[in-house]
Amino acid sequence: MSTTSKIEWTDATLNVVTGCTKVSPGCDHCYAETFAERWRGTAGHHFENGFDLTLRPERLALPLRWKSPRRIFVNSMSDLFHTDIPDDYIARVFAVMALTPQHTYQILTKRHGRMRALIGNPEFEKQVDYELLHFPAFSDAKLTGRPWPLPKPGWPLPNVWLGVSVEDQKRADLRIPALLDTPAVVRFLSCEPLLGPVDLKQAVRTMGGERGHGLTASYVHAGDCCQKFHGIDWVIVGGESGHGARPMSPDWARSLRDQCQAAGVPFLFKQWGEYAPTGLMAIGAREQGRVLVGDPIDDLGHRWEMRRVGKGAAGRELDDRTWDEFPAATSSVEVAA
Ligand code: SF4
């Protein structure tokens with residue numbers, strides 16, 4: 001739990017659940033698991049159970065005490081839509097978010113199916129309303145700073161951004177259509193660790209031509225019809241860090257940046273991760289600490305060379321500049337308290 005965060009795209013983290021189970025290649029070197037296992041059995045660090053899924057209801061009311069607006073990443077140490085988290089607990093988390101419109105919440109999942117099933121279900125919305133009325137802390141006007149009973153919030157909640165992890169094309173094809181079928185005011189992708197090239201339009205071909213045309217831009221004309229289609233609002237890209245990190249080809253990151261630029265979608269380049277590009281292309285065996293990555297970039301079979309320099313030295317510049325774009329109209333400071 002932290003009222004500040006080193007994560008480049010958020011201000012604070014709120015871990016109302018810790019622990020998880022792995023579902024796809026992006027989980028292979030899960031940071032949350034490494035962290036939890038380091039503190040397993042250590043009293044006072046709240047990771048006594050290691051990486052076992054554990055609800056942390058004592059943390060639910062924390063955002064009520066944070067009066068200044070923040071972007072809050074919910075469950076950086078778990079996945080809020082994990083199958084072992086009860087529906088009513090998730091509804092309670094949404095009730096907290098409804099009660100604190102001064103904050104902007106960022107929820108990122110690899111359980112796209114459950115997210116879609118819950119958020120799109122009117123029964124879940126009723127569960128959130130129920131939690132708002134019945135959870136004791138929520139009726140404490142001193143804590144909420146708001147008169148009781150609370151007005152019914154709109155749905156989807158205007159201060160909640162929903163995102164899916166996309167590490168390669170297969171996961172893009174699975175998760176992006178589900179995200180686009182989920183009601184949300186802001187939809188985002190976290191392509192980290194990026195493990196392969198991703199074509200965003202290919203990811204929505206199964207949804208039909210209209211959506212395929214409009215994927216990466218918010219509210220654009222979809223194909224030859226006059227409907228506007230709400231697509232993806234924000235894309236984050238990053239390479240992997242830590243033990244066993246896999247290198248990210250510069251071409252994979254550039255391609256996503258270019259797709260975003262072409263469609264007017266904000267793009268944030270978070271980090272290279274453990275490996276930085278040397279700027280060289282090469283063929284054949286490399287010396288220790290250097291690898292070739294991605295597909296050949298010419299007819300001779302050259303590929304981009306990456307060097308293991310560590311996350312700090314690798315930095316977060318892509319083509320000589322940082323990319324720190326956010327969804328413009330929805331930053332936390334613009335959400336009324
Ligand atoms: S879903 Fe996230 S928290 Fe869960 S194992 Fe995978 S990377 Fe870790």
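This report covers the fold, the main sheet, one buried residue and the ligand shell of a predicted model.

## Overall fold

The protein has eleven helices and 14 strands. Of its 337 residues, 41% count as buried.

Contacts reach far along the chain. Take those between residues at least 6 apart in sequence: 74% join residues at least 24 apart.

## The open sheet

Seven strands make up an open sheet. Their order is 1-4-5-6-7-10-11, and the pairing is parallel. Strand 1 and strand 11 (267-271) are the edges, each pairing on one side only. From one strand to the next, the twist averages 25°.

At one end of the order, strand 10 (residues 234-238) pairs with strand 11. The two run in the parallel sense, with four bridges. Within this pairing, Val235 stands opposite Phe267 of strand 11.

## Thr10, ahead of strand 1

Thr10 lies in the segment before strand 1 (12-14). Thr10 counts as buried because 22 C-beta neighbours fall inside 10 Å, and the cut-off is 20 or more.

Beyond its neighbours within four places in sequence, Thr10 is in contact with Ser5, Arg71, Ile72, Phe73 and Gln106. Gln106 is 96 residues away along the chain. Even so, the C-alpha atoms of Thr10 and Gln106 are separated by 8.0 Å.

## The ligand shell

The residues around the ligand include Cys20, Lys22, Val23, Cys27, Cys30, Ala32 and Glu33. Ser78, Asp79 and Lys110 complete the list.

By class, the shell divides into five nonpolar, one polar and four charged residues.

How values were computed: Residues numbered from 1 in each chain as written. Predicted model: local features only at pLDDT ≥ 70, side-chain atom pairs only at ≥ 80, totals over all residues. Buried ≥ 20, exposed ≤ 12 C-beta atoms within 10 Å, placed from the backbone. Contact = placed C-beta atoms within 7 Å. Near = placed C-beta within 6 Å. Nonpolar A, V, L, I, M, F, W, Y, C, P; charged D, E, K, R; others polar. Pairing = 2+ DSSP bridges. Axes fitted to C-alpha atoms, helices over the stretch in contact; angles between N-to-C directions.
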